[in-house]
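Good morning, and thank you for the opportunity to speak. I would like to guide you through one protein model, moving from its strands to its helices and then to its interior.

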Amino acid sequence: MAAHPARVLVIGARGNFGARISARLAREKNIQLIAAGRNAEHCTAFAASLQNAVHPVKTAALDVTQDDMAERIGAIAPDIVIHTSGPFQEQSYKVAEACIAAGSHYIDLADARDFVVNIKALDEAAQD
């Protein structure tokens with residue numbers, strides 16, 4: 001029996017980096033892409049534009065400023081979350097903490113020094 005493709009949630013899927021990452025991941029047979037952003041209609045249109053997608057691209061309306069991020073990510077149940085929705089210097093670790101709670105791997109594109117250096121505070125929880 002073949003393994004199911006990994007569920008990869010890209011937050012900020014329509015942005016400069018998110019769109020490139022999403023377009024590439026959509027072409028992988030072992031990945032089920034979930035394109036997320038603040039506007040559900042825009043995400044749906046973006047998903048439809050990925051014409052080389054191996055699997056139908058799923059979408060999710062997510063705003064990194066939402067208070068219920070843990071519940072939202074938990075409901076989506078991604079294996080991996082790629083957070084491309086900066087600027088990170090203005091953000092908390094809410095998305096990373098939601099990934100820990102959901103048991104999802106977390107990747108971001110942060111280049112804000114304090115954000116990058118201080119995320120190590122979540123390492124013990126992530127390892128558990």
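I begin with strand β2. Seven of the seven residues of β2 are buried, so this strand is largely enclosed by the rest of the structure. Please bear in mind throughout that this is a predicted model.

How are the two faces of β2 covered? On one side lie I31, L33, A35 and G37, and on the other Q32, I34 and A36; all of these are buried. For those new to the subject, the side chains of a regular strand alternate between the two faces of the sheet.

Let us now consider the partners of β2. Strands β1 and β2 run parallel and are joined by six bridges. Within this pairing, A6 has I31 as its bridge partner in β2, and V8 has L33. Strand β3 also runs parallel to β2, and four bridges join these two. Here A36 stands opposite A60 in β3. Finally, β1 is joined to β4 by four bridges, again in a parallel arrangement; the bridge partner of L9 in β4 is V81.

Helices connect some of these strands. A right-handed β-α-β unit is made by β1, α1 and β2. Another right-handed β-α-β unit is made by β2, α2 and β3.

From helix α1, which covers residues 16-25, I have chosen S22. Is S22 buried or exposed? It is buried, because its relative accessible area is 0%, and a residue counts as buried under 20%. Setting aside residues up to four places away in sequence, S22 touches V10, A13, L33, F46 and L50. One of these, L33, is the bridge partner of V8 that I mentioned a moment ago.

The next helix is α2, residues 40-49, in which C43, F46 and A47 are buried. These buried residues cover an arc of only 100° around the axis, which puts them on the same side of α2. On the other side of the helix, E41 and A48 are exposed. What do the buried residues of α2 pack against? They pack against α1, β2 and β3.

Helix α3 comprises residues 69-76, and M69, I73 and I76 are buried in it. Seen down the axis of α3, these buried residues fall within an arc of 60°, so they line one face of the helix. The face turned away from this buried side carries the exposed residues E71 and A75. The buried residues of α3 pack against four strands and one helix, namely β1, β2, β3, β4 and α4. Just after α3, A77 takes a positive phi of about 55°.

M69 in α3 deserves a closer look. This residue is buried, with a relative accessible area of 0%. Although M69 and A98 are 29 residues apart in sequence, their C-alpha atoms are 6.2 Å apart in space. Apart from neighbours within four places in sequence, M69 is in contact with L62, D63, V64, K94, V95 and A98.

This brings us to the interior. In soluble globular proteins, nonpolar side chains tend to be buried together. In this model, the largest nonpolar core has 14 residues, and those with the most contacts inside it are L9, I11, L62, I73, V81 and V95. At least two residues of this core come from each of β1, β2, α3 and α4. Apart from it lies another core, of 13 residues, among them A13, L25, I31 and L50.

Let me take L62 from the largest core as an example. Leaving aside neighbours within four places in sequence, its contacts are L9, I11, A36, G37, R38, M69, R72 and I76.

I close with the cysteines. How many disulfides does a search of the whole structure find? The search finds zero. C43 is in no disulfide, and the nearest cysteine sulfur, that of C99, is 16 Å away. Why is there no bond from C99 to C43? The distance between their sulfurs is too far for a bond, because a disulfide requires two sulfur atoms within 2.5 Å. Both residues are nevertheless buried: C43 has a relative accessible area of 1%, and C99 one of 0%.

Thank you for your attention.

Key. Residues numbered from 1 in each chain as written. Predicted model: local features only at pLDDT ≥ 70, side-chain atom pairs only at ≥ 80, totals over all residues. Heavy atoms only, no water. Buried < 20%, exposed > 50% of the residue type's maximum accessible area, 1.4 Å probe, protein only. Arc of directions from axis to C-beta. Contact = heavy atoms within 4.5 Å. Core = buried A, V, L, I, M, F, W, Y, C linked by side-chain atoms within 4.5 Å. Pairing = 2+ DSSP bridges. Right-handed = clockwise from strand over helix to strand, strands pointing away.
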